[in-house]
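This report introduces a single protein model to a reader who has not met it before. It considers one residue and its surroundings, and then a pair of helices.

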Amino acid sequence: MPYTLPSYINNQSQPSPVLRYIWNTDFVFKYDPEERIGKIRNTTTQTKIALCIGVYEWIIWRFHRLTNDASPFQIAEAAWCGSVNNAYLKYFERDPDEYPGPVLDPLHSAMMSIGTVLSFTAENKDEWEDGFGLILAPLAMHVLPDPQPFEKWLEYVTDRLLLLYPEPEDDPYEDIFNDHEEERRGPLVAREALDPSFDYHPDQAPELLDNFLRNIDHMANPFLRSPEELMELGIEHPYRVLPPESPEWRK
């Protein structure tokens with residue numbers, strides 16, 4: 001099943017192809033995300049990653065009619081896989097010279113930012129904050145023709161995630177060698193947690209993400225590893241979340 005943006009974004013009025021924002025080396029973002037950051041700091045690492053992906057999806061929606069480059073969408077799909085286990089996602093870089101101008105350059109910034117968040121947040125808990133606060137949220141506010149729906153969504157979702165996924169007490173000496181890095185990221189967070197119309201509960205996340213992974217065409221996405229590569233990395237059941245003994249395994 002091809003990756004699609006969530007309905008709460010796709011159902012917005014289609015953005016105008018006319019660009020009404022400034023994009024040059026002199027401007028600075030005006031949006032201050034500190035209030036949102038202050039709340040998200042108190043959630044799990046998985047939550048922070050999921051929110052960054054959600055903001056990234058608003059940005060690629062802004063430009064989806066202005067470029068034929070499939071990479072932004074492939075990266076979004078791979079990012080959700082990487083939120084389950086970072087091993088799914090291949091580390092990537094993109095040459096900025098290949099993304100010139102007021103459409104491609106913002107997309108390049110967003111792609112590189114979400115890639116950094118996914119690759120390094122587990123090792124550096126502040127990495128998400130730079131990605132969210134310096135690039136993704138201010139960029140979305142800058143390029144969206146009408147930022148109010150995005151800002152309203154962001155306010156609702158940060159409050160919801162803080163309620164559902166508060167950050168537990170973390171002992172810095174408990175896992176000094178990062179042997180349990182995945183567990184310390186907190187419980188899985190499904191895409192539906194970001195959908196204001198979805199009656200989401202955290203215990204639904206494994207089944208929802210399992211369904212998402214099962215419908216991924218990994219061969220069509222250059223940013224995803226093959227099942228064979230993943231098994232070599234110790235993932236026993238690639239592109240599944242639920243174990244084989246689960247009643248939902250054969251659905």
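## A residue and a helix pair

In this predicted model, Gln 14 touches Trp 61, His 64 and Arg 65, when residues up to four places away in sequence are not counted. With His 64 there is also a polar contact, made from side chain to side chain at 3.1 Å. Gln 14 itself is placed in the loop that lies between α1 (7–10) and α2 (34–40). Its relative accessible area is 34%, and Gln 14 is therefore partly exposed, as this value falls between the limits of 20% for buried and 50% for exposed. Between the C-alpha atoms of Gln 14 and Phe 132 there is a separation of 24 Å, the two residues being 118 places apart along the chain.

The second topic is the pairing of α5 and α6. The axes of these helices come within 9 Å and cross at roughly 160°. Because angles over 145 degrees count as roughly antiparallel, α5 and α6 are roughly antiparallel to each other. Their crossing is left-handed. By class, the contact of α5 with α6 comprises nine nonpolar residues, four polar residues and one charged residue.

The table lists the residues through which the two helices meet.

| Helix | Span | Residues in the contact |
|---|---|---|
| α5 | residues 101–120 | Pro 106, Ser 109, Ala 110, Ser 113, Ile 114, Thr 116, Val 117, Phe 120 |
| α6 | residues 127–143 | Glu 127, Trp 128, Gly 131, Ile 135, Leu 136, Leu 139 |

Conventions
Residues are numbered from 1 along each chain as its sequence is written. This is a predicted model: local features need pLDDT of at least 70, side-chain atom pairs count only at pLDDT 80 or more; totals for chains, interfaces and linings use all residues. Side-chain values use heavy atoms; hydrogens and water are left out. Helices (H or I, at least four residues) and strands (E, at least two) are DSSP runs, numbered from the N terminus. Buried means under 20% relative accessible area, exposed over 50%, partly exposed in between (1.4 Å probe, protein chains only). Contact means heavy atoms within 4.5 Å. A polar contact is a pair of N or O atoms within 3.5 Å; within protein, one must be able to donate a hydrogen and the other to accept it, and residues adjacent in sequence count only if both atoms are side-chain atoms. Axes are lines fitted to C-alpha atoms, for helices over the stretch in contact, and angles run from 0 to 180 degrees between N-to-C directions. Angles under 35 degrees count as roughly parallel, over 145 as roughly antiparallel, 65 to 115 as roughly perpendicular and the rest as oblique. A crossing is left-handed if the near helix is turned anticlockwise from the far one by less than a right angle, and right-handed if clockwise. Ala, Val, Leu, Ile, Met, Phe, Trp, Tyr, Cys and Pro count as nonpolar, Asp, Glu, Lys and Arg as charged, and the others, Gly among them, as polar.
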